[in-house]
Amino acid sequence: IYLFKYIHLTRETMLAVRASRMLRAAGTSRQIAARTLSAQLPKSFSSSHRGREAVLTTPKQGIEVLQDPTLNKGTGFTQQEKDRLGVRGLVPPRTQTMDFQARRVMMNLNMCSDNLEKYVFLSSLQDRNETLFFKVLMENFEDLAPIVYTPTVGEACLKHSHIFR
């Protein structure tokens, strides 16, 4: 089961690389990114566009939203989203941008002592908030590729019993 997680992470890493290349080739167009995102959404989502921002709707409410890493935005939920999704009171009251959250993740990641610890940190981030995980990965791909891919994944496989959560 845990080996599947490593394969899944590698697959997700390849998707991030592909999306990063597409964005660079398209001149980082938000429309291309929105089309790519909506093409990869699970079937339980629906998407509509209001102005420039895509609005995703889901039948999940409250704690279910926070337990779903594809929906969880951490401190990035706006007040309207908190009300609509029923997470007001379940997340901190202050709203932070994805850029601020990504900087905070990188600051915490830089405090990790070795690549295996960084791998465990990034893996737990992916389990909580996939959007933030991929944002951090795409913005810092050259630095993080050795952590989410070989050789660190090989080391994680060898030390599986020590890092299993």
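Which residues in α6 meet which residues in α7? In this predicted model, Leu-122, Leu-125, Gln-126 and Arg-128 are the α6 residues that meet α7, where their counterparts are Glu-130, Leu-132, Phe-133 and Phe-134.

## Overall organisation

The protein chain holds ten helices and two strands, and along the sequence these elements follow the pattern α-α-β-β-α-α-α-α-α-α-α-α. Of the 165 residues in the protein chain, 38% are buried, while the chain as a whole exposes about 10,400 Å², of which carbon and sulfur atoms supply 57%.

When contacts in the protein chain are restricted to residues at least 6 apart in sequence, 56% of them join residues at least 24 apart.

## The nonpolar cores

The largest nonpolar core has 18 residues, and those with the most contacts inside it are Leu-122, Leu-125, Leu-132, Phe-133, Val-136, Leu-137 and Leu-144. The elements that give two or more residues to this core are α5 (98-110), α6 (115-128), α7 (130-139), α8 and α9 (152-158), and α7 gives the most, with five residues. Leu-144, once its neighbours within four places in sequence are left aside, is in contact with Met-106, Leu-109, Leu-122, Val-136 and Leu-137.

Apart from this core lies another, of seven residues, among them Val-65, Leu-85, Val-87 and Val-91.

## Helix α7 and its partners

The axes of α5 and α7 come within 10 Å and cross at roughly 70°, and the two helices are therefore roughly perpendicular to each other. On the α5 side the contact is made by Met-98, Asp-99, Gln-101, Ala-102, Val-105 and Met-106, and on the α7 side by Thr-131, Leu-132, Lys-135, Val-136 and Glu-139. Sorted by class, the contact of α5 with α7 has six nonpolar, two polar and three charged residues.

With α6, helix α7 packs at an angle of about 135°, and the axes of the two helices are 6 Å apart, an arrangement that makes α6 oblique to α7. The residues of this contact, which include Leu-122 and Leu-125 of α6 together with Leu-132 and Phe-133 of α7, comprise five nonpolar, one polar and two charged residues by class. Those four leucine and phenylalanine residues are also listed among the residues with the most contacts inside the largest nonpolar core.

The axes of α7 and α8 come within 6 Å and cross at roughly 115°. Here Phe-133, Val-136, Leu-137, Met-138 and Glu-139 in α7 meet Phe-141, Leu-144 and Val-148 in α8, and by class the contact has seven nonpolar, no polar and one charged residues. Val-136 takes part in this contact with α8 and also in the contact of α7 with α5, whereas Phe-133 is found in the contact with α8 and in the contact with α6.

## Partly exposed residues in α6, α8 and α9

Pro-146 is found in helix α8, which spans residues 141-148. With a relative accessible area of 33%, Pro-146 is partly exposed, because values between 20% and 50% fall into that class. Not counting residues up to four places away in sequence, Pro-146 touches Pro-151 and Thr-152; Pro-146 and Tyr-119, which are 27 residues apart in sequence, are 9.5 Å apart in space, C-alpha to C-alpha.

Asn-115, placed in helix α6, likewise counts as partly exposed, at 34% relative accessibility. Leaving aside its neighbours within four places in sequence, Asn-115 is in contact with Ile-147 and Thr-152, so that Thr-152 appears in the contact lists of both Asn-115 and Pro-146, by the criterion of heavy atoms within 4.5 Å. Asn-115 and Val-148 are 33 residues apart along the chain, and their C-alpha atoms are separated by 9.2 Å.

In helix α9 is found Glu-155, which at 27% relative accessibility also counts as partly exposed. Glu-155 and Tyr-119 are 36 residues apart in sequence and 9.9 Å apart in space, C-alpha to C-alpha; Tyr-119 is thus a reference point for Glu-155 as well as for Pro-146.

How values were computed: Residues are numbered from 1 along each chain as its sequence is written. This is a predicted model: local features need pLDDT of at least 70, side-chain atom pairs count only at pLDDT 80 or more; totals for chains, interfaces and linings use all residues. Side-chain values use heavy atoms; hydrogens and water are left out. Helices (H or I, at least four residues) and strands (E, at least two) are DSSP runs, numbered from the N terminus. Buried means under 20% relative accessible area, exposed over 50%, partly exposed in between (1.4 Å probe, protein chains only). Accessible areas come from the Shrake-Rupley method with a 1.4 Å probe; for residues, only the protein chains shown count as cover. A nonpolar core is a set of buried Ala, Val, Leu, Ile, Met, Phe, Trp, Tyr and Cys residues joined through side-chain atoms within 4.5 Å. Axes are lines fitted to C-alpha atoms, for helices over the stretch in contact, and angles run from 0 to 180 degrees between N-to-C directions. Angles under 35 degrees count as roughly parallel, over 145 as roughly antiparallel, 65 to 115 as roughly perpendicular and the rest as oblique. Ala, Val, Leu, Ile, Met, Phe, Trp, Tyr, Cys and Pro count as nonpolar, Asp, Glu, Lys and Arg as charged, and the others, Gly among them, as polar.
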